[in-house]
Amino acid sequence: MEKYIDGFLIPVPKANLDKYLEMAALSGRVWMEHGALDYTECVADDVQAGKVTSFPQSVLLEDDETVIFSWISYRSREHRDEVNKKAMADPRLAHMKPEDFPFDGKRLIWGGFRTIVTLGT
């Protein structure tokens, strides 16, 4: 089954990680309730700066920050658009404004991806 994925790379100050996790937990519940297939948040554990490219370089990571890698899965791009519309209109997220995020939203990287290979469960 081909799925559609929204993927994110986010530089989060280590001092704000608890605030980020609160925001992510609420967002995850909202997306799942509106039909996302799954919602995953990961924190960098074995991520090194590269010579040319890397996760840290991609978000211009600062010394006091860590990288969050996350994704949300959907049945299709159409399904993603429906879920996102509902989630973004959910009143539980109304208070979330970019200027209040516990990270620098200008360095957030995100995009939608059509899957081409999926193995496993």
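This passage walks through a central strand, its neighbours, a buried aspartate, the salt bridges and a surface patch in a predicted model.

A good place to begin is strand β1, which spans residues 4-13. Of its 10 residues, 10 are buried, so the strand is largely enclosed by the rest of the structure. In a regular strand, side chains alternate between the two faces of the sheet. With that pattern in mind, each side of β1 can be read in turn. One side carries Tyr4, Asp6, Phe8, Ile10 and Val12, while Ile5, Gly7, Leu9, Pro11 and Pro13 are on the other. Both faces are covered, and the residues on each of them are all buried.

The next step is to look at the strands beside β1. Strand β3, made of residues 65-74, pairs with β1 in the antiparallel sense, and 10 bridges join the two. Within this pairing, isoleucine 5 stands opposite serine 73 of β3. Strand β4, residues 109-114, also pairs with β1 in the antiparallel sense, here over 6 bridges. Phenylalanine 8 has tryptophan 110 in β4 as its bridge partner.

Attention now turns to a loop. Aspartate 90 sits between α3 (77-89) and β4. Its relative accessibility is 8%, and since buried means under 20%, aspartate 90 counts as buried. The side chain of aspartate 90 reaches the backbone nitrogen of arginine 92 at a distance of 2.8 Å. Leaving aside residues up to four places away in sequence, aspartate 90 touches Val30 and His34.

Arginine 92 leads on to the salt bridges. Side chains of opposite charge can pair when their charged atoms come close. The model has 6 salt bridges by the rule applied here. One of them joins the side chains of glutamate 33 and arginine 92, with 2.8 Å from N to O. Glutamate 33 belongs to helix α1 (residues 17-33) and arginine 92 to the loop between α3 and β4, so this pair ties together parts that are 59 residues apart in sequence. How exposed are the two partners? Glutamate 33 counts as exposed at 53% relative accessibility, whereas arginine 92 is partly exposed, with a relative accessible area of 31%.

Another salt bridge links arginine 80 and aspartate 81, whose closest N and O atoms are 3.1 Å apart. Arginine 80 is buried, its relative accessible area being 9%, while aspartate 81 is partly exposed at 38% relative accessibility. These two residues also belong to a network of salt bridges that includes Asp6. Asp6 has already appeared among the buried residues of β1, and the network therefore brings the story back to that strand.

A further salt bridge is formed by aspartate 104 and arginine 107, with their closest N and O atoms 3.0 Å apart. Aspartate 104 is partly exposed, with a relative accessible area of 28%. Arginine 107, in contrast, is buried, with a value of 13%.

The surface is the last stop. Val47, Phe55 and Phe69 make a nonpolar patch there, with an area of about 240 Å². Valine 47 is found in the loop between β2 (38-43) and α2 (55-58). This valine is partly exposed, with a relative accessible area of 30%.

Note on methods:
Residues are numbered from 1 along each chain as its sequence is written. This is a predicted model: local features need pLDDT of at least 70, side-chain atom pairs count only at pLDDT 80 or more; totals for chains, interfaces and linings use all residues. Side-chain values use heavy atoms; hydrogens and water are left out. Buried means under 20% relative accessible area, exposed over 50%, partly exposed in between (1.4 Å probe, protein chains only). Helices (H or I, at least four residues) and strands (E, at least two) are DSSP runs, numbered from the N terminus. Two strands pair if DSSP finds at least two bridges between them. A polar contact is a pair of N or O atoms within 3.5 Å; within protein, one must be able to donate a hydrogen and the other to accept it, and residues adjacent in sequence count only if both atoms are side-chain atoms. Contact means heavy atoms within 4.5 Å. Patches are made of residues with over 30% relative accessible area and no salt bridge: like charges are joined within 9 Å, nonpolar side chains (Val, Leu, Ile, Met, Phe, Trp, Tyr) within 5 Å. Accessible areas come from the Shrake-Rupley method with a 1.4 Å probe; for residues, only the protein chains shown count as cover. A salt bridge is a side-chain nitrogen of Lys or Arg within 4 Å of a carboxyl oxygen of Asp or Glu.
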